[in-house]
Amino acid sequence: MTDTSDAPVLADLDAIRQANVGTLIERLRIEIIEASADRVVGTMPVAGNTQPYGLLHGGASAALAETLGSYGAMLHAGERRQAVGIEINATHHRSARDGLVTGTARAVHRGRTLSTYEIVVEDSASRLICTARLTCLVIERRAD
């Protein structure tokens, strides 16, 4: 059932930070600064996430986008279900050489079995770096 309430359920950012320990998210130094099923915002430094020419690596932008969209989908899924990414696409408009990039994921569709997010990544001057779309399948939580 899709949540139709107007008040967003905000995630516990400390729990998110703890869950990121030892993951690619930590390695890329992605910081989640706001999280709800409707909108997730996070930052990532350019330094350490570049390709040999010194530009922000497109794969790092895609990883930021997938991280933000996935957190939104997980919050939509709730405690009894989980979200798994099934498709991502990204268009790289320009790159960055320094500073932080900020990504904002916004829910496009939050259904019973699929969630889709549009993610916009911008540099510190609010210039468009990347736009991406992530679709996640919402399934019953698996016992591991």
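Begin by colouring the strands of this predicted model: six of them form an open sheet in the order S1-S2-S4-S5-S6-S3, and the pairing is antiparallel. Select next the two edges of the sheet, strand S1 (31-35) and strand S3 (81-92), each of which has a single partner strand, so that one side of each is left without a neighbour in the sheet. Looking along the sheet from there, you can follow a twist that averages 20° from one strand to the next.

Stay with S3 and add strand S6 (residues 128-140), with which S3 pairs in the antiparallel sense over eleven bridges. To see one of these positions, select Glu87, whose bridge partner in S6 is Thr135.

Now turn to helix H3 (residues 58-77), which lies across S1, strand S2 (39-45), S3, strand S4 (100-110), strand S5 (114-122) and S6, and which runs at about 140° to S5.

With helix and sheet both displayed, move to the largest nonpolar core, a set of 30 residues in which Ile32, Met44, Val101 and Ile119 have the most contacts. The elements that give two or more residues to this core are S1, S2, H3, S4, S5 and S6, and H3 gives the most, with seven residues. In soluble globular proteins, nonpolar side chains tend to be buried together.

Finish by centring on Val101 and showing its surroundings: leaving aside neighbours within four places in sequence, Val101 is in contact with residues including Gly42, Thr43, Met44 and Val46, with Leu56, Leu64 and Ala96, and with Val121, Glu122, Asp123 and Ile129. Met44, in that list of contacts, is itself among the core residues with the most contacts.

Conventions:
Residues numbered from 1 in each chain as written. Predicted model: local features only at pLDDT ≥ 70, side-chain atom pairs only at ≥ 80, totals over all residues. Heavy atoms only, no water. Pairing = 2+ DSSP bridges. Helix = DSSP H or I, 4+ residues; strand = E, 2+ residues; numbered from the N terminus. Axes fitted to C-alpha atoms, helices over the stretch in contact; angles between N-to-C directions. Contact = heavy atoms within 4.5 Å. Core = buried A, V, L, I, M, F, W, Y, C linked by side-chain atoms within 4.5 Å. Buried < 20%, exposed > 50% of the residue type's maximum accessible area, 1.4 Å probe, protein only.
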